[in-house]
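Take a moment to look over the model below. We will walk through its parts one at a time.

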Amino acid sequence: MDIQTLKELFLTRQSCRSFSSRPVSKEQIEEICSLAALAPSACDLQPWKVYAVTGEKRKPLADFLIGSGKAPFVGDAPAFLIIAENPAASRERPTLSYYAPSDTGEFTAHLILAAKAAGLDTCILGWQNRPGLKELAGITDAVNIPYVVALGYASEGYETRPKDRRPLSETLTFIG
């Protein structure tokens, strides 16, 4: 991939707030999760776990997220990916659990870019009632849930917003 293709991916990836009801297949979810799993992690522990919510379980989860008051636009998203930090991944090397949050965040960044490259749109939902979310989804694993990713196709006519970023001079300093 050349830098222009990567730049285009970065410029067109945005948090989608209007999904169509077009379904996302199990194979699409497997493909983007497989690509995201190539994300680096401390000592390659890969402390993430994904719970894909689709089909009949999708609506109660969407209603729950909408009811939280933080995601009123996710009702039509055809899939949700619950991203968890799996502390069991670092059980044999507990000092590495320090890296689990950043490793899981990097995995999530890879996931949303893989989804966009596959023609899908996403919105990372960082706030939620975690105990209620685990109960609703039937997650009994001892995991922390930092993110839920709404996944699907943007509604027809949904346009990419221009990126307004701080000047590089404010965010990059050369030392040396």
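Contact here means that heavy atoms lie within 4.5 Å of each other. Keep that in mind for the packing described below. The model is predicted.

Start with the whole chain. The protein has six helices and four strands. Read from the N terminus, its elements run α-α-β-α-β-α-β-α-β-α. Its C-alpha atoms fill a box of roughly 55 × 50 × 30 Å, taken along the principal axes. A compact globule of 176 residues would have a radius of gyration near 16 Å, and the protein's 17 Å agrees with that. Of the 176 residues, 38% count as buried. Now take the contacts between residues at least 6 apart in sequence: 78% of them join residues at least 24 apart.

Next, find helix 5, residues 130-137. Which of its residues are buried? They are Gly-132, Leu-133 and Lys-134. These buried residues pack against helix 3 (58-67), strand 2 (79-85) and strand 4. Look at both ends of helix 5 too. At its start, a side-chain oxygen of Asn-129 comes to within 2.8 Å of the backbone nitrogen of Gly-132. After the helix comes Gly-138, and its phi is positive, near 75°.

Strand 4 leads us to its partner. Strand 3 covers residues 121-125, and four of its five residues are buried. Strands 3 and 4 run antiparallel, and five bridges join them. Strand 4 itself spans residues 144-152. One facing pair is easy to find: Asp-121 stands opposite Gly-152 in strand 4.

Now turn to charge. Side chains of opposite charge can pair when their charged atoms come close. How many salt bridges does the structure hold? It holds four. One of them links Lys-116 to Asp-121, with the closest N and O atoms 3.0 Å apart. Asp-121 counts as buried, because its relative accessibility is 10% and the cut-off is under 20%.

Another salt bridge joins Lys-59 and Asp-63, and here the closest N and O atoms are 3.0 Å apart. Both residues sit in helix 3, four residues apart, so about one helical turn separates them. Lys-59 is partly exposed, with a relative accessible area of 45%. Asp-63 is also partly exposed, at 40%. A further salt bridge brings together the side chains of Glu-170 and Arg-166, at 3.5 Å from N to O. Arg-166 is exposed, with a relative accessible area of 55%.

Finish with a charged residue that has no such partner. Arg-13 lies in the loop between helix 1 (3-12) and helix 2 (26-36). Is Arg-13 buried or exposed? Arg-13 is buried, yet it has no salt bridge. What is the nearest side chain of opposite charge? That is Asp-121, 6.9 Å away. A salt bridge needs a nitrogen and a carboxyl oxygen within 4 Å, so this pair does not qualify.

Arg-13 does have other neighbours. Its side chain makes a polar contact with the side chain of Thr-122, at 3.2 Å. Leaving out residues up to four places away in sequence, Arg-13 touches Ile-112, Leu-113, Lys-116, Thr-122 and Lys-163. Lys-116 is familiar by now: it forms the salt bridge with Asp-121.

Definitions and conventions:
Residues are numbered from 1 along each chain as its sequence is written. This is a predicted model: local features need pLDDT of at least 70, side-chain atom pairs count only at pLDDT 80 or more; totals for chains, interfaces and linings use all residues. Side-chain values use heavy atoms; hydrogens and water are left out. Buried means under 20% relative accessible area, exposed over 50%, partly exposed in between (1.4 Å probe, protein chains only). Helices (H or I, at least four residues) and strands (E, at least two) are DSSP runs, numbered from the N terminus. Two strands pair if DSSP finds at least two bridges between them. A polar contact is a pair of N or O atoms within 3.5 Å; within protein, one must be able to donate a hydrogen and the other to accept it, and residues adjacent in sequence count only if both atoms are side-chain atoms. Lys and Arg count as positive and Asp and Glu as negative; His and the chain ends are not counted. The radius of gyration is taken over C-alpha atoms; the globule rule is 2.2 Å times the number of residues to the power 0.38.
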